[in-house]
Structures are given as C-alpha cells and as structure tokens.
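Got your viewer open and ready? Let's take a walk through this model, one selection at a time.

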Number of protein chains: 2
Amino acid sequence: MRSPADSTAGAPRRPADVPALIDGARAGDARAVARLISLVEVASPALREVAVALAPHTGRARVVGVTGAPGVGRSTATSALVSAYRATGARVGILAVDPSSPYSGGALLGDRVRMQEHAIDNGVFIRSMASRGHLGGLAWATPQALRVLDAAGFDVVIIETVGVGQAEVEIASLADTTVLLLAPGMGDGIQAAKAGVIEAADVFVVNKADREGADQTVRDLRYMLSLGGRHSAAGAWRPEIVRTVAVRAEGIAGVIAAIDKHGEWMTRNGELDVRRRARAASEIEAIVVAALRSQLRDVHGSASLDRLAAQVVTGSIDPHTAADVLLGSLGYVPGST
Amino acid sequence: MRSPADSTAGAPRRPADVPALIDGARAGDARAVARLISLVEVASPALREVAVALAPHTGRARVVGVTGAPGVGRSTATSALVSAYRATGARVGILAVDPSSPYSGGALLGDRVRMQEHAIDNGVFIRSMASRGHLGGLAWATPQALRVLDAAGFDVVIIETVGVGQAEVEIASLADTTVLLLAPGMGDGIQAAKAGVIEAADVFVVNKADREGADQTVRDLRYMLSLGGRHSAAGAWRPEIVRTVAVRAEGIAGVIAAIDKHGEWMTRNGELDVRRRARAASEIEAIVVAALRSQLRDVHGSASLDRLAAQVVTGSIDPHTAADVLLGSLGYVPGST
C-alpha cells in the first residue's frame with residue numbers, strides 16, 4: 001500500500017489520539033502507520049507520547065538494508081524481494097531513503113514505478129524519506145520511522161537507499177543485514193563502492209547477471225573481499241555473493257536465503273544484539289545532538305550564532321573561541337572542550 | 001607539492017612551535033602547512049593556539065568546490081584547472097575529500113595520478129581528507145584545513161570531492177563557488193545528481209565534450225536547470241554551462257571565466273559575505289556539537305550511553321526518554337527538548 005500521507009500532506013490535522021493510532025497500526029491500518037511516521041519524523045508535540053507507546057512493541061522486525069549505485073536495478077531488486085517475502089506471508093515495510101535530495105517527494109516515488117505492483121497490497125507499506133536538507137536528517141528520521149514499522153508488526157523492514165557515500169554507510173548501520181547491489185560493466189560503481197561500503201555490506205548481489213561481464217564482477221568482488229581484514233577472523237561472517245536477474249525474479253530466493261543465513265549467524269554469536277545496541281546508541285545520540293543543536297539555534301537565538309559567524313568571517317575571532325562563547329552560554333566552562 | 005605529512009605520519013613529534021609554523025606556512029614552507037593541517041584536523045593540544053593564530057590571516061582565498069560522479073574525469077579536470085591557475089601565478093591548495101571512505105590514505109592518492117604533474121610545484125599543495133568514519137568528520141576537518149591553506153596565502157583553494165549524496169552537498173556548502181562535472185552518456189549520473197546537487201552548483205561543466213551525447217547532456221542540464229526555482233528570480237545567478245575536454249585542457253579557460261564571473265556576481269550583491277557567514281556558522285556549530293558529543297561519550301562514560309541503548313533494544317525505555325536521561329546528566333531539564 002502506498003503511504004496515504006502522500007495524498008493528505010497539506011490537510012489540517014486534529015490532535016493525535018496516539019493510543020488509537022498505535023492500536024490501528026498494529027491491526028494493519030495503513031493510515032495509522034502513515035500518521036505515526038509523520039508524528040515521529042518531525043518533532044511534533046505528540047512525538048514523545050508516540051515514542052513511549054511504541055517502545056514495548058519494538059525489536060521484532062528484521063531490518064534489511066538494500067543499497068547500490070544508480071543503474072544497478074535497486075528498485076527492481078527491492079520489488080522482487082518484497083514479492084518473495086510476501087509469498088511467505090511476511091508483512092513488509094519499505095523506507096526508501098534518498099540521501100542526495102533535501103526534498104521529500106513524489107519525484108522520487110516516480111522513479112519507483114516497479115514498486116507500484118505492491119501499491120494495493122495491504123501487507124506492504126512504502127514510505128519515501130528525504131534527508132530534509134539538514135545535517136543529521138537521515139540519522140534522525142529514518143530510525144524513528146523504522147520503530148513505527150517495527151511496532152506496527154511488519155516482519156521485515158527494508159531500508160532502500162541509493163548510491164555511494166557517507167549517508168549510505170550510516171543507513172547501512174541501521175540494518176541488521178545490509179545487501180549491496182552491483183551490476184556488470186559498472187567498474188566505476190565498484191570503484192566508487194570502495195572500502196566503506198564494502199565493509200558495511202553482509203550480502204553482495206551481482207544483479208543483471210545475464211549480462212556480459214557478470215563473471216568478472218564476481219571475481220572483482222571476491223578479490224576486494226579477500227583484501228578486507230574484517231572477514232578473515234575465525235568464526236567471522238563470510239559475505240555471501242549471489243547472482244540475480246531481478247527483472248525476472250531470478251536468484252531472489254538465493255538473496256533471501258543469504259539474508260536468513262546471516263541472520264542465523266548473528267543470532268548464534270550475539271552479533272544481532274551488538275548491532276541493535278549500537279543502533280540504539282546512535283539513535284539516542286542523534287536525539288541528544290538534535291536537541292542541543294536546536295537549543296543553540298533557538299533558545300539563545302540564531303542572532304548569537306550569526307554574530308559570531310560574522311566575526312569569524314572578518315578574522316576577528318576564530319571558530320573555536322566562538323564555539324567556547326556558545327558553549328559558555330549553555331553553561332559549559334570555556335576551554336573544557 | 002605533495003603533503004610531506006604523507007611520509008612522516010608515524011614519526012614522533014616535538015611540541016608544535018605554532019608561531020614559527022605559521023610564519024613558515026605563510027612564507028611558502030610546505031612542511032609547515034602540512035604540520036598545521038595535522039594539528040587542526042584532529043583535536044591536538046595545539047589546536048586552539050593554531051586556530052587563534054590563523055584567524056587574522058583568513059578570508060582572502062577563493063574557495064572552489066569541484067564535484068562529480070565517478071568517471072566524469074574529475075581528477076583530470078581538477079589538474080587542468082590547477083595548471084590554468086598556476087599559469088596566472090596564483091598559488092593553489094587542493095583538499096581532496098573522499099566521503100565514501102572512512103580511511104585516510106594513499107589508495108585515494110593513487111587514483112590521482114594526473115595530479116602528480118603538480119607534485120614538484122611549490123605553488124601547489126595537495127592534501128587528501130578522509131571522513132574518518134564518524135559522523136561529522138567532514139564537517140569538522142575540512143573547514144579547519146581550509147583555514148590553514150587560506151592563512152598560508154594560497155590564492156585559490158579547490159575542494160575536490162567524489163560522487164553523489166549528502167556529504168557532497170555539505171562540501172559544496174564550504175565553497176564560494178561550486179563546479180559540478182558531468183559527462184556524456186552518463187544519464188544515471190545526471191539522474192543521481194538530482195535536486196540537491198543541482199541546486200548546490202554554480203557552474204556546470206560537461207566534460208568529455210568531444211564524445212557522442214555531449215549536446216544531449218547540455219540539453220538535459222538546461223532542462224533540469226529550467227525546472228529549478230532558485231535561479232529564476234531577477235538578479236539571481238544564472239548557472240553557467242561550460243564544455244571541456246579536460247584531458248586536452250580544452251575549455252578550462254572557460255571554466256575559470258565562469259568561476260570568476262560567479263565571484264564578481266557574489267561580490268556585487270553581497271552573496272559572498274552571506275555564504276561565508278553561513279560557512280562560519282556551520283563550522284562553529286560543528287565544533288560545538290563535536291565538543292558535546294565527546295562529552296556524552298567521555299565525561300559521563302560510554303557505559304551510561306551503552307546501558308541506555310541496551311534498554312532501548314529490549315523495549316524497556318524509548319530513545320527520547322533515554323536522551324532525556326543523558327541530557328539530564330549534562331545539566332539539562334528533561335522534557336525541555
């Protein structure tokens with residue numbers, strides 16, 4: 001089902017009846033799920049009430065990150081994964097994150113035409129997340145939405161994100177298992193994927209495996225993986241490499257098998273708990289930093305920061321001394337940083 | 001000149017004689033420049049002394065961001081730009097930022113073989129910056145290094161960064177003028193560049209313009225720019241589109257002319273000051289947030305955050321309440337966020 005919030009974003013809103021929304025979401029009401037995500041992805045008045053009410057219901061969903069450069073067939077593969085999970089009866093939530101765009105929006109959903117086949121399936125919930133153009137946007141909103149889907153009883157939550165870069169690695173850190181898609185003949189893609197993303201992935205999918213160069217891509221990947229230190233220790237996870245032709249759903253069962261295998265490995269050796277604690281710590285930290293940041297801007301006035309910034313531009317003060325002045329206004333002892 | 005820090009990174013260090021280093025850097029000593037960057041890019045004991053001493057000398061360099069997806073010829077174009085600036089007698093500093101890698105390193109410099117032609121030129125300073133694998137890494141280290149190069153008297157500082165994504169937009173925000181490189185036949189690249197990066201760029205370069213499809217890329221670009229709202233107001237900057245074949249240095253003079261034209265436009269209407277104040281405000285904010293973050297981890301002990309994170313995983317507390325507990329330990333009133 002498409003998020004109903006897409007069509008009602010501009011409508012006036014009644015105060016939220018949070019317990020009713022949570023009951024509705026857990027009973028499968030897509031509108032309730034969408035409304036809850038809207039309440040948590042911005043700092044709404046009901047945010048805390050929602051957060052407290054969600055907590056007891058969280059921790060059950062398997063969180064799968066799906067990432068890859070433009071052109072590897074990410075949306076197609078995600079859609080095929082969703083179909084395969086649906087065939088097992090699992091309910092699937094999808095957070096489609098676009099770290100390159102500061103805008104939320106329909107344009108992004110337009111790219112995802114292949115996901116339309118799931119638009120009328122009540123066991124599927126799709127939400128586009130944009131970075132909202134400010135630092136920390138992804139770190140803030142995505143885990144909050146993830147908690148809503150988890151509490152609403154989705155068995156699998158897929159976080160799908162484009163591309164290459166720091167934001168992608170951050171998104172990968174939200175997932176229990178991260179799937180990196182590659183395609184033949186995209187040497188630049190592999191080069192760009194580089195150390196950070198390779199290290200962050202648990203399952204590698206060579207999509208478009210019917211194209212020339214697929215064997216070479218698999219070989220390149222094996223070579224890059226052999227260079228990494230992370231996977232060489234005894235008992236460590238050995239990343240799986242799966243070939244798919246997502247547009248014909250070929251190999252998708254193998255992707256799910258690799259995700260399940262990774263899940264069993266994590267459960268067996270405690271890694272799942274380690275990852276989820278790290279994720280929770282990052283989430284708490286992001287909330288604290290957002291609160292402090294908003295205090296810097298709002299309580300003490302942006303005028304104060306702007307005045308200091310102007311002095312930095314003219315060279316009459318350095319940025320560290322300026323930071324001390326701001327920290328001092330928050331009650332810190334300057335120089336303690 | 002290559003940063004001498006590359007070969008001495010593991011050597012023991014004497015305490016820094018900051019005034020001598022700044023004198024040396026301003027007199028053209030590459031070792032002094034490299035040492036100062038090393039002192040500011042991590043929180044060294046001398047960081048504050050360096051920052052204070054740099055401030056009066058800053059604000060003179062033109063800061064140019066050069067960005068583009070893998071394969072567009074970014075290193076080649078940057079190298080050609082450097083040659084063209086050097087021909088005018090300008091001293092050029094280059095910060096090569098790799099937001100996809102949490103590792104600093106030689107591998108990245110290996111990609112930049114074309115920059116080698118400048119390695120023995122005393123008027124050129126090249127430094128690779130990695131994101132160091134933690135949130136806020138780019139926001140912290142790059143502006144600090146930029147201030148060193150500015151204070152050392154480099155006329156132009158080029159911040160070169162790969163790819164697509166949030167980090168790239170952040171890097172663009174450090175520059176006075178941002179140049180986005182595209183190449184023909186990389187439709188995915190344009191698609192990936194999308195709203196965020198398109199909005200952030202001031203000058204567009206269609207490189208490899210001798211290849212088939214260059215006209216189409218220029219048309220696509222014009223169309224995308226015509227959709228944007230930012231540039232339609234009267235007196236607003238109309239982004240320039242320049243064709244280049246960087247490997248033969250064709251069109252590079254046009255890129256510099258477009259950068260200069262944008263600079264004159266910014267100076268005329270006050271935009272340069274607006275951008276530099278925004279940059280300084282972000283820099284101050286990043287320092288404040290880094291200080292608070294380190295306080296969360298260090299002073300109150302990571303044990304406290306880890307314990308709260310474990311409670312979030314089991315659902316016995318929500319992350320916002322956990323954040324309140326941490327904020328309370330820093331002297332904030334819970335619930336005020």
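Start by selecting A249(A), which is partly exposed because 16 other C-beta atoms lie within 10 Å, and a residue needs 20 or more to count as buried. Zoom out a little and you'll see that A249(A) sits in the loop linking strand 7 (240-243) to helix 11 (252-269) of chain A. Now check the backbone there: phi of A249(A) is near 60°, a positive value in a residue that isn't glycine.

Before going on, keep in mind that what you're looking at is a predicted model.

Next, hop over to chain B and pick K208(B). Is K208(B) buried or exposed? K208(B) counts as buried, since it has 25 C-beta neighbours inside 10 Å. You'll find K208(B) in the loop between strand 6 (203-206) and helix 10 (214-227) of chain B. Phi of K208(B) is positive too, near 55°, and again the residue is not a glycine.

Now for the core. Which members of the largest nonpolar core touch the most others? Select I284(A) and I284(B): out of the 179 residues in that core, these two hold that spot. Stay on I284(B) and light up what it is in contact with, ignoring neighbours within four places in sequence. You should get L305(A), L308(A), A309(A), V312(A), P319(A), A322(A), A323(A) and L326(A).

Back in chain A, show helix 2 (residues 18-26) and helix 3 (residues 30-41). Their axes come within 7 Å and cross at roughly 130°. Helix 2 of chain A and helix 3 of chain A are therefore oblique to each other, and the crossing is left-handed. Want to see who does the touching? On helix 2 of chain A, click L21(A), G24(A) and A25(A); on helix 3 of chain A, click A32(A), V33(A), R35(A) and L36(A).

Last stop: colour chain A by pLDDT. The mean for chain A is 79, and 73% of its residues reach 70 or more. Look at residues 2-12 of chain A, where the pLDDT is below 50. Beyond near neighbours in sequence, that stretch has twelve contacts in the model. Then try residues 132-136 of chain A: the pLDDT is below 50 here as well, with nine contacts beyond near neighbours in sequence. For the model as a whole, the scores are ipTM 0.76 and pTM 0.68.

Terms used: Residues are numbered from 1 along each chain as its sequence is written. Chains are lettered from A and ligands numbered from 1 in the order in which they are written. This is a predicted model: local features need pLDDT of at least 70, side-chain atom pairs count only at pLDDT 80 or more; totals for chains, interfaces and linings use all residues. A nonpolar core is a set of buried Ala, Val, Leu, Ile, Met, Phe, Trp, Tyr and Cys residues joined through C-beta atoms within 7 Å. A residue is buried if 20 or more other C-beta atoms lie within 10 Å of its own, exposed if 12 or fewer, and partly exposed in between; C-beta atoms are placed from the backbone. Two residues are in contact if their C-beta atoms, placed from the backbone, lie within 7 Å. pLDDT is the predictor's confidence in each residue, from 0 to 100. Helices (H or I, at least four residues) and strands (E, at least two) are DSSP runs, numbered from the N terminus. Axes are lines fitted to C-alpha atoms, for helices over the stretch in contact, and angles run from 0 to 180 degrees between N-to-C directions. Angles under 35 degrees count as roughly parallel, over 145 as roughly antiparallel, 65 to 115 as roughly perpendicular and the rest as oblique. A crossing is left-handed if the near helix is turned anticlockwise from the far one by less than a right angle, and right-handed if clockwise.
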